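Here's a quick briefing on a ligand and the place where it sits. Have a look at the model first, then read on.

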Amino acid sequence: MSVSRKRTVIMISGRGSNMASLIEAASERSFPAEIVGIISDKADARGLHIAAAKGLPARVIAKGDFSSKEAHDAAIDDALSTFEAEIVCLAGYMRLLTAGFVEKWQSRMLNIHPALLPAFRGLDTHARALEAGMRIHGCTVHFVTAETDSGPIIAQAAVPVLLDDTEATLAARVLKAEHHLYPLALRMVALGMARMEGGRTVFADTELVEQSAGGFLSSPSAVRDAVDLEQLARFTP
Ligand code: GRF
């Protein structure tokens, strides 16, 4: 059976490890999305080397080359049209997008955030989670809306906060979960199993969602790292 794979463009600003996990997942022919291009707002983004190594077309569209945020986002929109993008995945794209751009791509644009939203919107999420004494932390994939880190949640994965965690060890544990979660969430959106409607995420078939999640949240231990992160992936609802 031939499957029409959703043409997906990933937008980055830096390291690109989430981008790499999406590329890896989409390298399976059965994955319902194909990565057709990368856009970076930084010419020196490390992720661009990964894209080049994978032979993926990448465009650098730097804010400094445009007179306004609107003109910058219009150039990105043009590039997305050239790529014939159907889905956009923000993966460490560190610039706020204009309302017009977000409106145009709403319900087709995803972001990954390193916290269990709506807790810890914005930056420095791991330091703030430690400071707050959180025992559970994690990551969220959500549809992008005009208000930063506030769009409807598609999927979340939780990890334990260990007693001896530092910002770096906690960030590394969350990042591992991110690399599992983002492909699962993109898969659900590409298949139409999760879609944005009336400002919420609507799930097509909860049984399929369950199967796709590959497990449920297991009770996180405060002294031992998670053995199977896949098991920690938890889909909402
Ligand atoms: C990730 O932690 C992601 O959640 C956040 O920015 C970071 C990007 O890391 N939005 P990478 O570029 O994917 O390695």
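How do the residues of the shell around the ligand divide into nonpolar, polar and charged? The split is two nonpolar, five polar and two charged, with Ala, Val, Leu, Ile, Met, Phe, Trp, Tyr, Cys and Pro counted as nonpolar, Asp, Glu, Lys and Arg as charged, and the others, Gly among them, as polar.

This is a predicted model, where local features need pLDDT of at least 70, side-chain atom pairs count only at pLDDT 80 or more, and totals for chains, interfaces and linings use all residues. Numbering runs from 1 along each chain as its sequence is written, and side-chain values use heavy atoms, with hydrogens and water left out.

**Around the ligand**
- Arg15, Gly16, Ser17, Asn18, Gly92, Ile112, His113, Pro114 and Glu178 surround the ligand (a heavy atom within 4 Å).

**Polar contacts** (N or O pairs within 3.5 Å)
- One ligand oxygen is 2.5 Å from a side-chain N or O atom of Ser17.
- A ligand oxygen also lies 2.8 Å from a polar backbone atom of Gly16.
- A ligand nitrogen is 3.0 Å from a backbone N or O atom of Ile112.
- Helix 1 and strand 5 are the elements giving two or more residues to the shell (DSSP runs: helices H or I, at least four residues; strands E, at least two; numbered from the N terminus).

**The pocket**
- The ligand sits in the largest pocket (more than half of its atoms within 2 Å of the grid points).
- A pocket here is an open set of points on a 1 Å grid over the protein atoms alone, where a 1.4 Å probe fits, with protein on both sides within 12 Å along at least five of seven lines; lining residues have an atom within 4 Å of a point.
- There are 35 lining residues, and Gly92, Tyr93, Met94, Pro114 and Leu123 lie nearest the centre.
- Helix 6 gives the largest share of the lining, four residues.

How values were computed:
A polar contact is a pair of N or O atoms within 3.5 Å; within protein, one must be able to donate a hydrogen and the other to accept it, and residues adjacent in sequence count only if both atoms are side-chain atoms.
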